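Subject: Structure handover

Hello,

Here is the structure you will be taking over. My notes on it follow below.

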Amino acid sequence: DIEPDCNDLIVADGTTTSSYVPVYGASGAQSEFIYPASMLTAMIGLPISSIKFYASSAVSLSKTLTVKVEEVSATTESSSSWSYSAATTVYTGNASLSSNKEMEIVFSTPFIYNGGNLCFNICAPGYSSSVSWYGQSMSSNTSCYDWSITPPVSGPYSSASFLPKASFAYCAPAEACPTVDAPVASNVEVTTATLTWNEGEG
């Protein structure tokens with residue numbers, strides 16, 4: 001079988017930290033953040049199968065998450081309204097911080113990325129442990145959060161110029177091997193022969 005060409009794209013790879021985005025561990029909270037399209041060009045037209053976040057320290061963190069994704073026209077978050085409106089739920093279930101300080105969320109169904117700004121909304125009820133996440137300081141408010149986890153919420157409590165460091169797993173479809181069209185054998189001997197053919201369309 002021909003395997004698809006799978007890759008990881010790491011974005012917002014900075015050393016700034018935030019305790020609120022992507023997941024607030026110390027209580028129930030909801031966060032939202034937007035990755036600009038300029039960071040994601042390698043994935044245009046391809047299915048994203050998971051996202052991974054990076055903590056600054058290893059703590060015992062386990063929360064039940066609802067993760068929604070949507071391509072949006074907005075590039076910034078406000079402190080008065082959420083950016084998502086018709087987001088696709090890509091994961092509902094438990095997510096934990098591994099011993100190597102990573103939280104990977106594998107989507108229940110891959111999300112096809114079409115080239116826009118990518119908005120994530122994560123609802124994380126319940127108390128676990130406080131944790132800080134690595135990310136990048138931005139020139140504008142690209143994330144927001146709120147303590148309320150019961151929609152509808154009129155708007156987030158606060159916005160911030162921070163994007164969490166993330167690794168996207170995505171796969172390009174496998175290229176099919178070309179087919180052999182009209183093969184012809186010549187110079188046939190007992191143990192050898194010369195084969196010629198036309199290359200088909202796949």
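C144 stands opposite S159 in strand β11. The model is a predicted one, so please read everything below as computed from it. The strand that carries C144 is β10, which spans residues 143–146, and β10 pairs with β11 in the antiparallel sense over 3 bridges. A further partner of β10 is β3: the two run antiparallel and are joined by 4 bridges. In that pairing F33 stands opposite S143.

In a regular strand, side chains alternate between the two faces of the sheet. On β10, S143 and Y145 point to one side, while C144 and D146 are on the other. These four residues are all buried, so both faces of the strand are covered. For C144 the relative accessible area is 0%, and because buried means under 20%, C144 falls in that class.

Next, the cysteines. How many disulfides does a search of the whole structure find? The search finds 1. The disulfide is formed by C6 and C171, with their sulfur atoms 2.0 Å apart. The torsion about the S-S bond of C6 and C171 is about 105°, so this disulfide is right-handed. C6 belongs to strand β1 (residues 5–11) and C171 to strand β13 (residues 166–172), so the pair ties together parts that are 165 residues apart in sequence. Are C6 and C171 buried or partly exposed? C6 is partly exposed, at 44% relative accessibility, and C171 is also partly exposed, with a relative accessible area of 23%.

C144 is in no disulfide. The nearest cysteine sulfur to that of C144 belongs to C119 and is 7.7 Å away. Another cysteine, C123, is buried, with a relative accessible area of 15%.

Then the aromatic residues. The structure holds 11 aromatic pairs. One of them is Y20 with Y24, a stacked pair with 5.2 Å centre to centre and 20° between the planes. Y20 is partly exposed, with a relative accessible area of 31%, whereas Y24 is buried at 17%. Y24 also pairs with W147: their ring centres are 5.0 Å apart and their planes are at 55°, so this pair is tilted. Which parts of the chain does the pair of Y24 and W147 link? Y24 is in the loop between β2 (16–18) and β3 (29–35), and W147 is in the loop between β10 (143–146) and β11 (158–160). These are distant parts of the chain, with the two residues 123 apart. W147 is partly exposed, with a relative accessible area of 37%.

Which residues form one aromatic cluster? They are F33, Y35, F53, F120 and F168. F33 is also the residue that stands opposite S143 in β10, where β3 and β10 are joined.

One last contact involves a ring and a lysine. K165 lies over the face of Y54, at 4.4 Å from the ring centre.

Regards

Notes:
Residues numbered from 1 in each chain as written. Predicted model: local features only at pLDDT ≥ 70, side-chain atom pairs only at ≥ 80, totals over all residues. Heavy atoms only, no water. Disulfide = S-S within 2.5 Å. Buried < 20%, exposed > 50% of the residue type's maximum accessible area, 1.4 Å probe, protein only. Phe/Tyr/Trp six-rings, centres within 6.5 Å; stacked < 30°, edge-to-face > 60°. Lys NZ or Arg CZ within 6 Å of the ring centre and 35° of its normal. Pairing = 2+ DSSP bridges.
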